[in-house]
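Me: I have a structure open and have not looked at it before. Can you walk me through it?
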Amino acid sequence: ALQFSQLTRLRTLSLAWFAFASPEGYAPLATLPALCQLALQEASHVPACLSRLTQLESLSVWNERMMGDDAGAAVIESALMGLRQLTSLSLCRVQGLRRLGRPGLAGQPHLRSLVWWPSAGEPAPLLGGAWLAGALA
C-alpha cells in the first residue's frame, strides 16, 4: 500500500470530501516535504498539522460543513503566523472564521492573492493592513 511518506516529491494535493475522525488524522500531510499547494474542500476538519506545513505557497480551504465549533478556525488563525511562504490564500465559508487580518496576514511577506468569503450570516471584517492598500510586497 502506498504511504504518504513515499510521496517525497508531491507538490500539489487537493482533498475533497475527505473525512478523518479527528484533526490529527491529517498528520501524514506533515510527511510531504515538497508539498507547496494544499486545497481542502468540504473536509471533515482543519488538519491539526497545518502549522507544520511551513513550505506551503498556496492554501485553499472551502468548507461549509467542517466542524460545528470554532476549533478549525482557531487552527487556521494560529497556523497563518507560521506559514510565511504563502503567495496565495483562499478561505471560503469556513465556519467560525469571523475575521481575517492581523496577526496572521501581517506576517505574510509574499502574499499576492487573497480570497476571503465568510460563512453566511457571520460578521466578517477584513482587518486593515498592507493587503488593503495594494502594498503587498
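**Working chat**

Reply: Start with Ser113, which counts as partly exposed at 33% relative accessibility. Keep in mind that the model is predicted.

Me: Where is Ser113 placed?

Reply: Ser113 belongs to strand S5, which covers residues 113-117.

Me: And what does Ser113 touch, leaving out residues up to four places away in sequence?

Reply: Thr87, Ser88 and Leu89. For Leu89, the separation from Ser113 is 24 residues in sequence, while the C-alpha to C-alpha distance is 6.2 Å.

Me: OK, back up a bit. How many helices and strands does the protein chain have?

Reply: The count is one helix and five strands. Reading from the N terminus, the order is β-β-β-α-β-β.

Me: What share of the residues is buried?

Reply: Of the 137 residues in the protein chain, 37% are buried.

Me: And what about contacts between residues 24 or more positions apart?

Reply: Among contacts in the protein chain with a separation of 6 or more, 59% join residues 24 or more positions apart.

Me: Now the helix. Which residues of H1 are buried?

Reply: H1 spans residues 71-80, and its buried residues are Gly72, Ala73, Ile76, Ala79 and Leu80. Looking down the axis of H1, these buried residues fall within an arc of 135 degrees, so they line one face of the helix.

Me: Why would residues a few places apart point the same way?

Reply: An α-helix has 3.6 residues a turn, so residues three or four places apart point the same way.

Me: What do the buried residues of H1 pack against?

Reply: Two strands: S3, residues 58-62, and S4, residues 88-92.

Me: What about Glu77, also in H1?

Reply: Glu77 is partly exposed, because its relative accessible area is 33% and the partly exposed class lies between 20% and 50%. Glu77 and Leu105 are 28 residues apart in sequence, with 9.1 Å between their C-alpha atoms.

Me: Go to strand S4 then. Is Ser90 there buried or exposed?

Reply: Ser90 lies in S4 and counts as buried, with 13% relative accessibility. The cut-off for buried is under 20%.

Me: Which residues is Ser90 in contact with, leaving aside neighbours within four places in sequence?

Reply: Leu59, Ser60, Val61 and Val115.

Me: Different topic: cysteines. How many disulfides are there?

Reply: The count is zero. In general, a disulfide is a covalent bond between the sulfur atoms of two cysteines. The rule used here asks for a pair of cysteine sulfur atoms within 2.5 Å.

Me: Is Cys36 buried or exposed?

Reply: Cys36 counts as buried, at 4% relative accessibility. Cys92 is buried as well, at 3%.

Me: Last topic, empty space inside. How many cavities of 30 Å³ or more does a search of the whole structure find?

Reply: One. The largest cavity holds about 40 Å³ of space.

Me: Which residues line the largest cavity?

Reply: Its lining is made up of Phe4, Leu15, Phe18, Phe20, Gly25, Tyr26, Pro28 and Leu29.

Me: How does the lining of the largest cavity break down by class?

Reply: Seven of the lining residues are nonpolar, one is polar and none is charged. Gly counts as polar in this scheme, so the polar one is Gly25.

Technical notes
Residues are numbered from 1 along each chain as its sequence is written. This is a predicted model: local features need pLDDT of at least 70, side-chain atom pairs count only at pLDDT 80 or more; totals for chains, interfaces and linings use all residues. Side-chain values use heavy atoms; hydrogens and water are left out. Buried means under 20% relative accessible area, exposed over 50%, partly exposed in between (1.4 Å probe, protein chains only). Helices (H or I, at least four residues) and strands (E, at least two) are DSSP runs, numbered from the N terminus. The arc is that of the directions from the helix axis to the C-beta atoms. Contact means heavy atoms within 4.5 Å. On a 1 Å grid over the protein atoms alone, a cavity is a set of points where a 1.4 Å probe fits but cannot get out, and a pocket is an open set with protein on both sides within 12 Å along at least five of seven lines; lining residues have an atom within 4 Å of a point. Grid points are joined across faces, edges and corners, and a volume is the space filled by probe spheres set on the points.
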